[in-house]
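The exercises below ask the reader to work from a sequence and its coordinates. Each task is followed by a solution in steps.

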Amino acid sequence: MTGPFLSLAQIRNRLVLTARAVLRDHRAGPDGRCRVCRVPACRVATAARNVIDAASPACRPAEERAAEEIRTFYGGEQAPLPAGVAPATEAELRAADDAQAPHLPLGLSGKPAPP
């Protein structure tokens with residue numbers, strides 16, 4: 001419960017923290033379905049993502065300015081990798097895409113997500 005003494009930023013932060021906790025509980029399992037609801041497209045997780053997206057615009061301008069500053073500094077090229085770090089292979093990138101986006105109808109690699 002929030003009191004009248006909380007600022008709008010504090011209320012927004014509480015909403016985001018709650019939405020993140022919901023997303024931790026309602027993340028997709030190895031079969032691509034929500035671990036709580038047991039459905040492929042969990043409405044609770046979608047609502048939590050919408051809350052985070054709605055609360056985030058205050059942070060986006062600073063992130064966009066920082067990204068633009070980095071692009072300008074490197075002349076539009078990709079930032080160099082630190083010494084001793086090898087670039088990711090296509091297989092590693094594909095595996096990371098599939099692991100991060102199992103809730104999408106198509107993974108970022110273009111493969112259908114598991115049911």
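A residue counts as buried under 20% relative accessible area, as exposed over 50%, and as partly exposed in between. The model used here is predicted.

**Exercise 1. The aromatic pair**

Task: Find how many aromatic pairs there are, and assign each ring residue to an exposure class.

Solution.
Step 1. The count comes to one aromatic pair.
Step 2. The pair joins F73 and Y74, whose ring centres are 4.9 Å apart.
Step 3. The ring planes of F73 and Y74 meet at 90°, and planes over 60 degrees apart count as edge-to-face, so this pair is edge-to-face.
Step 4. Y74 has a relative accessible area of 33%, which makes Y74 partly exposed.
Step 5. F73 has a relative accessible area of 65% and is exposed.

**Exercise 2. The chain as a whole**

Task: State which secondary structure elements the protein chain contains, then describe its burial, contacts and surface.

Solution.
Step 1. The protein chain has four helices and zero strands. Read from the N terminus, the order is α-α-α-α.
Step 2. Of the 115 residues in the protein chain, 14% are buried.
Step 3. Take the contacts with a separation of 6 or more: 32% of them are between residues 24 or more positions apart.
Step 4. The exposed area of the protein chain is about 8,900 Å², and carbon and sulfur atoms supply 61% of that area.

**Exercise 3. The two sides of α2**

Task: Which residues of α2 are buried, and where do they sit around the axis?

Solution.
Step 1. Helix α2 covers residues 43-55, which is 13 residues. Its first and last C-alpha atoms are 18 Å apart, close to the 18 Å expected at 1.5 Å a residue.
Step 2. The buried residues in α2 are A45, A48, I52 and A55.
Step 3. These residues cover an arc of only 95° around the axis, which places them on the same side of α2.
Step 4. The general rule behind this step is that an α-helix has 3.6 residues a turn, so residues three or four places apart point the same way.
Step 5. On the face turned away from the buried side of α2 are the exposed residues R43 and A54.
Step 6. The cover over the buried residues of α2 includes α1 (8-25).

**Exercise 4. The cysteines**

Task: Determine how many disulfides there are, using a cut-off of 2.5 Å between cysteine sulfur atoms.

Solution.
Step 1. The count comes to zero disulfides.
Step 2. C37 is in no disulfide, since its nearest cysteine sulfur, that of C42, is 3.7 Å away.
Step 3. For C42, the closest cysteine sulfur is in C34, at 3.6 Å, which is too far for a bond.
Step 4. C42 has 6% relative accessibility and counts as buried, whereas C37, at 33%, counts as partly exposed.
Step 5. Not counting residues up to four places away in sequence, C42 touches H26, C34 and C37.
Step 6. C42 is placed in the loop between α1 and α2. Its C-alpha atom is 8.6 Å from that of R27, and these two residues are 15 residues apart along the chain.

**Exercise 5. The loop between α1 and α2**

Task: Is H26 buried or exposed, and which residues is H26 in contact with? Then treat G29 and R38 in turn.

Solution.
Step 1. H26 is located in the loop between α1 and α2. Its relative accessible area is 14%, so H26 is buried.
Step 2. Leaving aside neighbours within four places in sequence, H26 is in contact with C34, V36, C37, C42, V44 and A45.
Step 3. G29 also lies in the loop between α1 and α2. With a relative accessible area of 9%, G29 is buried.
Step 4. G29 and P40 are 11 residues apart along the chain, and their C-alpha atoms are separated by 9.5 Å.
Step 5. R38, likewise in the loop between α1 and α2, has 39% relative accessibility and counts as partly exposed.
Step 6. The phi of R38 is positive, about 65°, although R38 is not a glycine. Most residues other than glycine have a negative phi.

Methods
Residues numbered from 1 in each chain as written. Predicted model: local features only at pLDDT ≥ 70, side-chain atom pairs only at ≥ 80, totals over all residues. Heavy atoms only, no water. Helix = DSSP H or I, 4+ residues; strand = E, 2+ residues; numbered from the N terminus. Expected span 1.5 Å × (residues − 1). Buried < 20%, exposed > 50% of the residue type's maximum accessible area, 1.4 Å probe, protein only. Arc of directions from axis to C-beta. Contact = heavy atoms within 4.5 Å. Phe/Tyr/Trp six-rings, centres within 6.5 Å; stacked < 30°, edge-to-face > 60°. Areas by Shrake-Rupley, 256 points an atom, 1.4 Å probe, with all protein chains shown as cover.
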